[in-house]
Amino acid sequence: MSEQKVAVVTGASSGIGAATARGLAAAGYRVVLAARRADRIEALAKEIGGTSCPLDVTDRAAVDAFAASLDRVDVLVNNAGGAIGAESVETADPADWLTMYQVNVLGVLHVTQALLPALRASGDGTVLVISSTAGFTAYEGGGGYVAAKHGSHAIAATLRLELCGEPVRVVEIAPGMVRTEGFAVTRFRGDEQKAAAVYDGVAEPLTAEDVADTVVWAVTRPAHVNIDLLVVRPRAQAAQHKVHRERTPER
């Protein structure tokens with residue numbers, strides 16, 4: 001078993017996942033990048049000296065095979081997730097809700113279950129879940145995503161109770177408004193104008209690097225220190241419904 005600690009990051013092809021992979025590599029970890037977009041993680045793996053593993057976290061058989069291929073795991077960052085649509089509960093497509101549940105909830109479950117034996121074996125493992133402030137507070141048009149992120153929050157909270165006394169920490173990072181290259185565009189089905197409107201007038205939304213910085217900080221605390229839950233928002237966002245905008249949106 002190599003002495004260098006190994007960190008697995010899901011959803012590592014872009015945004016918070018890619019930034020986290022870079023941050024953990026800079027902190028001395030050998031990073032295993034897992035995501036569906038093979039070309040992106042291959043390029044990033046070369047950049048940071050990591051390993052790329054194409055993976056769909058909703059495919060349990062693939063997740064199990066991925067876990068079997070690893071000789072060591074010290075840190076798991078469950079980052080794969082996302083939102084689809086902004087329809088009301090009344091008009092939402094159940095298929096969109098199912099997709100969000102599969103990646104945000106079952107994806108976390110699959111990868112965590114598969115890697116827990118290795119995390120235990122490390123003697124000092126960390127499971128980190130990237131959830132969202134949507135996991136605590138509902139808002140109009142966010143029903144499916146809110147429900148899914150409540151699910152990922154519940155996994156982290158429950159797992160922490162169940163692993164109490166074992167050498168595995170369970171950390172949850174819940175970002176608020178983060179502007180990344182694709183989150184809002186995906187949510188609005190490629191409509192870049194609607195995606196941009198989310199951030200209208202907000203001088204400095206969080207960046208992927210801001211969130212990655214909190215991940216690296218939490219993971220690198222002394223072994224006896226567990227950051228149960230860290231909520232990180234831009235200064236302009238006091239709550240889900242309270243955002244300071246410096247100009248009136250024109251869209």
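How exposed is Arg60, in terms of relative accessible area? Arg60 is partly exposed, with a relative accessible area of 28%. I begin with this residue as an entry point to the charged side chains of the structure. Please keep in mind throughout that we are looking at a predicted model.

Arg60 has a partner. Its side chain meets that of Asp64 in a salt bridge, with 3.0 Å from N to O. Both residues belong to helix H3, which covers residues 60-68, and they stand 4 residues apart, about one turn of the helix. Asp64 is likewise classed as partly exposed, at a relative accessible area of 37%. Arg60 falls into that class because its 28% lies between the limits of 20% for buried and 50% for exposed.

This pair is one of several. The structure holds 10 salt bridges in total, and I shall present two others individually.

The next one joins Glu181 and Arg40, whose closest N and O atoms are 2.8 Å apart. Here the pair links distant parts of the chain, the two residues being 141 residues apart. Glu181 sits in the loop between strand E6 (168-175) and helix H6 (183-187), while Arg40 is found in helix H2, residues 38-48. Glu181 counts as exposed, at 56% relative accessibility. Arg40 is partly exposed, with a relative accessible area of 35%.

We now turn to a pair with another setting. Are Asp74 and Arg72 buried or exposed? Asp74 is buried, its relative accessible area being 2%. Arg72 also counts as buried, at 12% relative accessibility. These two residues form a salt bridge, and their closest N and O atoms lie 2.8 Å apart. Elsewhere among the salt bridges, Glu87, Asp96 and Arg189 are joined into one network through shared partners.

Finally, let us consider charged residues outside the salt bridges. Which residues form a negative surface patch? The patch consists of Glu204, Glu209, Asp210, Asp213 and Glu246. To place one of these members, Glu209 lies in helix H8, which spans residues 208-219. Glu209 is exposed, with a relative accessible area of 51%. A patch member must have over 30% relative accessible area and no salt bridge, so Glu209, at 51%, satisfies the area condition.

To close, I would recall three places to look at in the model: the Arg60 and Asp64 pair within helix H3, the link between Glu181 and Arg40 across distant parts of the chain, and the negative surface patch that includes Glu209. Thank you for your attention.

Notes
Residues numbered from 1 in each chain as written. Predicted model: local features only at pLDDT ≥ 70, side-chain atom pairs only at ≥ 80, totals over all residues. Heavy atoms only, no water. Patch = residues over 30% accessible without salt bridge, like charges linked within 9 Å, V, L, I, M, F, W, Y side chains within 5 Å. Areas by Shrake-Rupley, 256 points an atom, 1.4 Å probe, with all protein chains shown as cover. Salt bridge = Lys/Arg side-chain N within 4 Å of Asp/Glu carboxyl O. Lys, Arg positive; Asp, Glu negative; His and termini not counted. Charge placed at Lys NZ, Arg CZ, Asp CG, Glu CD. Buried < 20%, exposed > 50% of the residue type's maximum accessible area, 1.4 Å probe, protein only.
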